[in-house]
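Reader: I'm new to looking at protein models. Could you show me how to read one, a feature at a time?

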Amino acid sequence: MKISIMGAGYVGLTTAACLAEIGHEVLCADNDETKLRGLEAGRLPFFEPGLEGIVARARRNGRLRFVEPAAAIASEGVLFICVGTPPRDNGEADLSAIEAVARAVARTASGYRLIVEKSTVPVQTAKRLRKHLSAYSRNGLQYDVVSNPEFLREGSAVEDFFHPDRIVVGAESPRARELMTAVYRPLLDQTFACPVHTDAACPEQAPPRLIVTDTNSAELIKHASNSFLAMKISFINMVADLCEAAGADIDKVVEGLGSDRRIGPSFLRPGIGFGGFCFPKDLQAFVRIAENFGCDFALLKEVENINARRVEQFVAKVQKELWTLRGKKLAVWGLAFKPETDDVRFAPALAIIRRLQAEGAQVHAYDPQAREKAAQELSGVRFHDDPYAAADEAEAILLLTEWSEFRYLDWNRIAAAMARPLLFDGRNMLEREVITAHGLHYFAIGKEPAAPLLARQSLGAALAEAAS
Ligand code: UDX
């Protein structure tokens, strides 16, 4: 099928490349000329595992082309709107980029167009788009507007495209429903050659569920899903605080809680709070949407409040151990809002660094991917090429993004090089026994702090010696 994509951001570019991979002919457009030139030269504007290869292959076989917006709008076929909907000051989504695409389509296109809203938008946006298209239509345009919300996670967006749990389509005519089913037919029938699991069988053999609804419901599914997940995280973070205060172990509590099939184990990892461009903005937007329809979604306001407090609480924990932070060297491992991405938008690590700096600390940071993007946002931070250099002479290590490389380090070397061997694990990713066995104090979330084993052993030995 012929498909045009407006917007070459995370969602647009991943969708464009993956739709080309399953056999469609895709034009991908963006208003940002520099981004387009970069993509034509094979440079992706962000890091996403596996995407570069898929984009390169799709360009080689001619199924993916980067074009000016006018060319994408003029092309017949299905038009996916993947432009940004950033938050306005009041938390509502700014829909001006979506409105501009709709106006351009109405003014210039003729014949039939299927317009697919993929960007995250408030409920009733499709309804508004229909009105708008009718109002601006010049050339007898016929159209359907469908909602097809995106559930891709950064860092596993390619995997999520090929192996989604569900595909949601809000469509209100048989023609729109048929076209959308045809777009996703290779995924629904599992007839594509999976580019993610090339050496082994795909772990998800079950085809995704196709959920067909009206457009209002599809739009609501997206905001409700993200808000629910954010709620799970804030819930477990509060339980973690309680564990820490009362001497329980959050890992055990999560095991017991998540084993109930009605609850499930996922999205119950405690830490320094959720970040990224989706959860914080979608949560705020959903609260505003509810308000606009006369509903006070106070529950979600509290989810936001709990998340906002995580940064302050984590800094207070560090302060409690180090007393004052002025002039102290602190190592920060991890800047991205989560691993496998270079995205630092609303990253808790950046908020924590700013608070540490406000207390006078000297921050030495390391992140395998996000250094460049973080450097644009922060000042006064010394960036290092590896975690060892960042930890050298540090009073404490603050692990703020759970990059898997942090699991496999020479802890003896790290402990020996630090001014004080304290490790604050903001993501509970390390094994307490491993860290303490190498002489570090380990502070996790939702658990009692653990002293170094060596120190405990030598204390034990000293006591035994004194007793004898
Ligand atoms: C999210 C949704 O998962 C995805 O469906 C939607 O399309 C976009 O928003 P993303 O923002 O890429 O995806 O990241 P996700 O993996 O969901 O994590 C979001 C944040 O929650 C991260 O900061 C992560 O560290 C945090 N998180 C996640 C936790 O703190 N604990 C958890 O148990 C899970």
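Reader: Let me start with a single residue. Is aspartate 160 buried or exposed?

Author: Happy to help, and please keep in mind that this is a predicted model. The general idea is to look at relative accessible area, where buried means under 20%. Aspartate 160 has 11% relative accessibility, so it counts as buried.

Reader: Where is aspartate 160 found, and what does it touch?

Author: Aspartate 160 belongs to helix α7, residues 157-162. Leaving out residues up to four places away in sequence, aspartate 160 touches Phe151, Leu152 and Arg153.

Reader: Now a residue in a loop, please. Where is alanine 171 found, and is it buried or exposed?

Author: Alanine 171 lies in the loop between β7 (166-170) and α8 (174-183). Its relative accessibility is 3%, so alanine 171 counts as buried.

Reader: What does alanine 171 touch?

Author: Not counting residues up to four places away in sequence, alanine 171 touches Val146, Ala176, Arg177, Thr213, Asp214 and Thr215. You can also compare sequence with space: alanine 171 and serine 147 are 24 residues apart in sequence, and their C-alpha atoms are 6.7 Å apart.

Reader: Let's move on to helices. How many residues does α1 have, and how far does it reach?

Author: Start with the general picture. An α-helix has 3.6 residues a turn, so residues three or four places apart point the same way. In this model α1 has 12 residues and reaches 16 Å from its first C-alpha to its last, close to the 16 Å expected at 1.5 Å a residue.

Reader: How many of the residues of α1 are buried?

Author: In α1, 11 of the 12 residues are buried, so this helix is largely enclosed by the rest of the structure. Among them are Tyr10, Gly12, Leu13 and Leu19. After α1 comes glycine 23, with a positive phi near 115°.

Reader: How do I describe the way α1 and α3 cross?

Author: Look at the distance between the axes, then at the angle. The axes of α1 (residues 10-21) and α3 (residues 51-60) come within 9 Å and cross at roughly 55°. That makes α1 oblique to α3. The crossing of these two helices is left-handed.

Reader: Which residues make that contact between α1 and α3?

Author: From α1 they are Leu13, Thr14, Ala17, Cys18, Ala20 and Glu21, and from α3 they are Leu51, Ile54, Val55, Arg57 and Ala58. Sorted by class, the contact of α1 with α3 has eight nonpolar, one polar and two charged residues.

Reader: May I have another pair? At what angle do α12 and α13 pack?

Author: Helix α12 (residues 279-292) and α13 pack at about 155°, with their axes 9 Å apart. An angle over 145 degrees counts as roughly antiparallel, and α12 and α13 are therefore roughly antiparallel to each other. Their crossing is left-handed. The contact uses Leu283, Gln284, Phe286, Val287 and Glu291 of α12, together with Leu300, Lys301, Val303 and Glu304 of α13. By class, that contact of α12 with α13 has five nonpolar, one polar and three charged residues.

Reader: One last helix. Which residues of α14 are buried, and what covers them?

Author: In α14 (residues 348-358), the buried residues are Pro348, Ala349, Leu350, Ile352, Ile353 and Leu356. Their cover includes α13 (298-322), β9 (329-333), β10 (362-366), α15 (371-377) and β12 (396-399). After α14 comes glycine 360, whose phi is positive, near 95°.

Key. Residues are numbered from 1 along each chain as its sequence is written. This is a predicted model: local features need pLDDT of at least 70, side-chain atom pairs count only at pLDDT 80 or more; totals for chains, interfaces and linings use all residues. Side-chain values use heavy atoms; hydrogens and water are left out. Axes are lines fitted to C-alpha atoms, for helices over the stretch in contact, and angles run from 0 to 180 degrees between N-to-C directions. Helices (H or I, at least four residues) and strands (E, at least two) are DSSP runs, numbered from the N terminus. Angles under 35 degrees count as roughly parallel, over 145 as roughly antiparallel, 65 to 115 as roughly perpendicular and the rest as oblique. A crossing is left-handed if the near helix is turned anticlockwise from the far one by less than a right angle, and right-handed if clockwise. Contact means heavy atoms within 4.5 Å. Ala, Val, Leu, Ile, Met, Phe, Trp, Tyr, Cys and Pro count as nonpolar, Asp, Glu, Lys and Arg as charged, and the others, Gly among them, as polar. The expected span of a helix is 1.5 Å times one less than its number of residues. Buried means under 20% relative accessible area, exposed over 50%, partly exposed in between (1.4 Å probe, protein chains only).
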